[in-house]
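Okay, thanks for coming, everyone. I have one structure to walk you through today, so let me put it up on the screen.

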Amino acid sequence: MKLLLFLLLLIPFKVNAIETSAKSSILIDYNTGTILNEENKDLELPMASMTKMMTVLLVMENIDSGRIKLDDKVYISKNSASMGGSQAYLEEGSSMSLDELLKAVLIASANDAAVAIGEHVAG
């Protein structure tokens with residue numbers, strides 16, 4: 001029985017047991033690059049939260065370089081407060097720490113917080 005189990009582990013197979021409500025998905029083994037599961041992987045979709053991830057990356061690079069700090073106060077402009085979609089409902093003219101806004105972006109996917117951060121980092 002142990003030999004049979006060992007042999008079964010050596011046989012490559014694909015498991016499509018992962019079901020999502022996403023329009024498109026792909027699961028890749030980090031170490032081998034093997035595609036483990038995919039659904040409409042080539043479907044072109046808007047960037048959406050990928051843009052927020054890039055915003056967070058740029059913030060982290062700017063923190064590492066010493067240009068900004070997590071305790072920086074970030075001004076909430078009319079532009080950032082007017083964003084629709086997922087939001088933290090920021091108020092124009094108020095300010096929040098960069099740390100709080102990052103949490104809003106990373107946890108709530110808040111568009112208004114991402115725009116406020118972008119304006120803080122790049123003007």
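Let's start with a quick one: where is the place of Glu39? Glu39 sits in strand 2. Before I go further, please keep in mind that this is a predicted model.

So, the overall layout. We've got 5 helices and 4 strands in this protein. Reading from the N terminus, the order goes α-β-β-α-β-α-β-α-α. There are 123 residues, and buried ones make up 22% of them. The accessible surface is about 9100 Å², with 60% of that belonging to carbon and sulfur atoms. And if you take the contacts with a separation of 6 or more, 44% of them are between residues 24 or more positions apart.

Now back to that strand. Strand 2 covers residues 35-39, and it pairs with strand 1, residues 25-28, in the antiparallel sense over 4 bridges. If you want one pair to look at, find Leu27, which stands opposite Asn37 in strand 2. Together the two strands make a hairpin, with 6 residues between them. In that turn you'll find Gly33, with a positive phi of about 80 degrees.

What does Glu39 have around it? Setting aside neighbours within four places in sequence, Glu39 is in contact with Thr20, Ala22, Lys23, Ser24 and Ser25. Glu39 and Ile26 are 13 residues apart in sequence, but C-alpha to C-alpha they are 6.4 Å apart in space. Glu39 counts as partly exposed, because its relative accessibility is 33%.

Step along to Asn40, and you are in the loop between strand 2 and helix 2. The phi of Asn40 is near 50 degrees, so a positive value in a residue that isn't glycine. Why point that out? Because most residues other than glycine have a negative phi. Asn40 is partly exposed, too, since its relative accessibility is 47%. There's another case at Ser109, where phi is near 55 degrees, again positive and again not a glycine. Ser109 is in the loop between helix 4, residues 98-108, and helix 5, residues 111-122.

Next, Asp72, which I'd like you to zoom in on. Asp72 is in the loop between helix 2, residues 49-64, and strand 3, residues 73-75. Is Asp72 buried or exposed? Buried, and yet it has no salt bridge. The nearest side chain of opposite charge is Lys69, 4.5 Å away. For anyone wondering why that pair doesn't count, a salt bridge here needs the nitrogen within 4 Å of the carboxyl oxygen.

What Asp72 does have is a polar contact with His120, side chain to side chain, at 3.2 Å. Leaving out neighbours within four places in sequence, the residues in contact with Asp72 are Met96, Ser97, Leu98 and His120.

While we're around helix 2, have a look at Asn62, which lies in that helix. Asn62 is buried, because its relative accessible area is 14% and the cut-off is under 20%. Which backbone oxygen does the side chain of Asn62 reach? That would be the one of Leu58, at 2.7 Å. Not counting residues up to four places away in sequence, Asn62 also touches Arg67, Ile68 and Val121.

Last stop: salt bridges. How many does a search of the whole structure find? Just 1. The side chains of Lys103 and Asp99 meet in a salt bridge, 3.3 Å from N to O. These two are 4 residues apart in helix 4, so about one helical turn separates them. Lys103 counts as partly exposed, because its relative accessibility is 46%. Asp99 is partly exposed as well, in its case because the relative accessibility is 27%.

One more thing about Lys103, looking along the chain. Lys103 and Ala113 are 10 residues apart in sequence, and their C-alpha atoms are 9.0 Å apart in space.

To wrap up, here are the places I'd go back to on the screen. There's the hairpin of strand 1 and strand 2, then the buried Asp72 without a salt bridge, and finally the Lys103 and Asp99 salt bridge. That's it from me, so over to you for questions.

Technical notes: Residues numbered from 1 in each chain as written. Predicted model: local features only at pLDDT ≥ 70, side-chain atom pairs only at ≥ 80, totals over all residues. Heavy atoms only, no water. Buried < 20%, exposed > 50% of the residue type's maximum accessible area, 1.4 Å probe, protein only. Contact = heavy atoms within 4.5 Å. Areas by Shrake-Rupley, 256 points an atom, 1.4 Å probe, with all protein chains shown as cover. Pairing = 2+ DSSP bridges. Lys, Arg positive; Asp, Glu negative; His and termini not counted. Polar contact = N/O pair within 3.5 Å; in protein donor to acceptor, adjacent residues only side chain to side chain.
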